Amino acid sequence: MRDDPMIRAVRARAFTVPTDAPESDGTYAWDKTTIVVVHVEAAGETGLGYSYTDASVAPLIEATLATRLSGLSVFDIPHANAVLWGAVRNLGRSGLATSAISALDTALWDLKARLLGLPLATLFGRVRERAEIYGSGGFTTYDDRQLREQLEAFVARDGCRAVKMKIGSEPERDPARMAAVKDVIGDAELYIDANGAFTPKRALAMARAVEPFGVAWFEEPVTSDDPDGMAFVRAAAPAGMEIAAGEYAYTLDDLQRLIRAGAVDVAQADVTRCGGYSGFLKMAALCEAAHLDLSGHCAPALHLPVAMAAPRFRHLEWFHDHVRIERMLFDGAPVPRDGAIAPDPGRPGHGLTLKSRDADAYAV
């Protein structure tokens, strides 16, 4: 352990990476992804965190939040979080502010573990050795060939036992798209994600229409801003179909509203949005108390250490865009084996380091 664990510097940079093909889901289309990467320095060591968010988060961190952290102890992460949450009180907690805090929190935990010479999974404590993943992509812009090839590769190459596709932009096409992939994914479960594209009644109609395809997971059939609508769909959906949401739960209150409404069978949380590792662990405790499983949304490399510690944790989303970016920009990104990923015991912290030269090409 180093003698002086006081925060000395905080740096943030934004990088925008084009997609490898046009992408869309039920409510949005995009051709690039922005990641804001944070470095926090103390006692000659550097911690790394990041968030998939808007480039404006980088100046928010450097101009507003960095000075609040200067001189604080790296080991007192709850205190640092209290300072950060207090600093954004009048800015609004959810959205960009929480994305900024999430990146800083993950960097602080990484830094603490590096100063202690420990993998983060060891520092958090383990209830498992590996995190199961499910393949995620299947964008509505894909033709049937692209859709089949990507989902088949998740199963054949990565060993995924479930794959997820986007639906909802052209709902009349969706049953045929599901039929197109069923024969290439074998025994793997099929998940669908509408990203809030439907009204409750239309979502229920879709749930019933796709029951013959054995859909096991219907994510955000309606917007998660409508917990009662989600609960309506959950109550009437086919028995073998779980309803999931939570990727836009920025605070514990957001997730609690979904749970109290009976809106989900499985909750989701995203360390790049929910307050980092600190927020994810709190959401994991909330799920444990509610007897609900928790799934990690996207950013699989960053989620991996905390996934080891969550008691009711089910799986991580092996999201095409983020897997690609994390391999491009970071050394230490995990590689699937038999449908799961595991922390590297020989790397301290979360084990990721920025490939600065490679990343520079995408700097905003």
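Guide: Before we look at this predicted model, one term has to be settled: a helix is a DSSP run of H or I that covers at least four residues, and helices are numbered from the N terminus.

Visitor: Which helix, then, gives the largest share of the lining of the largest cavity?

Guide: That share, four residues, comes from α12, the helix that runs over 320-329. The lining consists of A301, W318, H322, V323, E326, R327, A333 and P334, and among these H322, V323, E326 and R327 fall within the bounds of α12.

Visitor: Why is this space called a cavity, whereas other spaces are called pockets?

Guide: A cavity is a space where a 1.4 Å probe fits but cannot get out, while a pocket is open, so the word cavity tells you that the space is closed to that probe. The structure holds one cavity of 30 Å³ or more, and about 30 Å³ of space lies in the largest cavity.

Visitor: What makes a residue of that lining nonpolar, polar or charged?

Guide: Ala, Val, Trp and Pro are among the residues that count as nonpolar, and Glu and Arg are among the charged ones, so A301, W318, V323, A333 and P334 go to the nonpolar class, E326 and R327 to the charged class, and H322 to the polar class. This agrees with the division into five nonpolar, one polar and two charged residues.

Visitor: What is known about the largest pocket?

Guide: Its volume is about 910 Å³. The largest pocket is lined by 39 residues, of which Y28, W30, Y52, Y248 and R273 are the closest to its centre. Elements that give two or more residues to this lining are β2 (29-42), α3 (96-116), β5 (162-166), β11 (313-319) and α12 (320-329), and β2, with six residues, gives the most. By class, the lining has ten nonpolar, 14 polar and 15 charged residues.

Visitor: How do you know which domains take part in the lining of the largest pocket?

Guide: At least three of its residues come from each of domain 1 (6-117 + 356-361) and domain 2 (122-350).

Visitor: What can be said of the second largest pocket?

Guide: The second largest pocket has a volume of about 280 Å³. Its lining holds 16 residues, and W85, L252, C274, G279 and K282 are the closest to the centre. Two or more residues are given by α2 (77-87) and by α10 (276-290), with α2 providing the largest share, five residues. Nine of the lining residues are nonpolar, five polar and two charged, and here too domain 1 and domain 2 each contribute at least three residues.

Visitor: What makes β2 and β3 count as a pair of strands?

Guide: Two strands pair if DSSP finds at least two bridges between them, and because β2 and β3 are joined over eight bridges in the antiparallel sense, they meet that condition. One of the residues involved is V36, whose bridge partner in β3 is S51.

Visitor: Why are some strands of this sheet said to stand at the edges?

Guide: The open sheet is formed by three strands in the order β1-β2-β3, with antiparallel pairing. Since β1 (7-24) and β3 (45-52) each have a single partner strand, one side of each is left without a neighbour in the sheet, and therefore they are the edges. From one strand to the next the twist averages 20 degrees.

Notes: Residues numbered from 1 in each chain as written. Predicted model: local features only at pLDDT ≥ 70, side-chain atom pairs only at ≥ 80, totals over all residues. Heavy atoms only, no water. 1 Å grid on protein atoms, 1.4 Å probe; cavity = no way out; pocket = protein on both sides within 12 Å on 5 of 7 lines; lining within 4 Å. Points joined across faces, edges and corners; volume = space filled by probe spheres on them. Domains from an automatic or database assignment. Axes fitted to C-alpha atoms, helices over the stretch in contact; angles between N-to-C directions.
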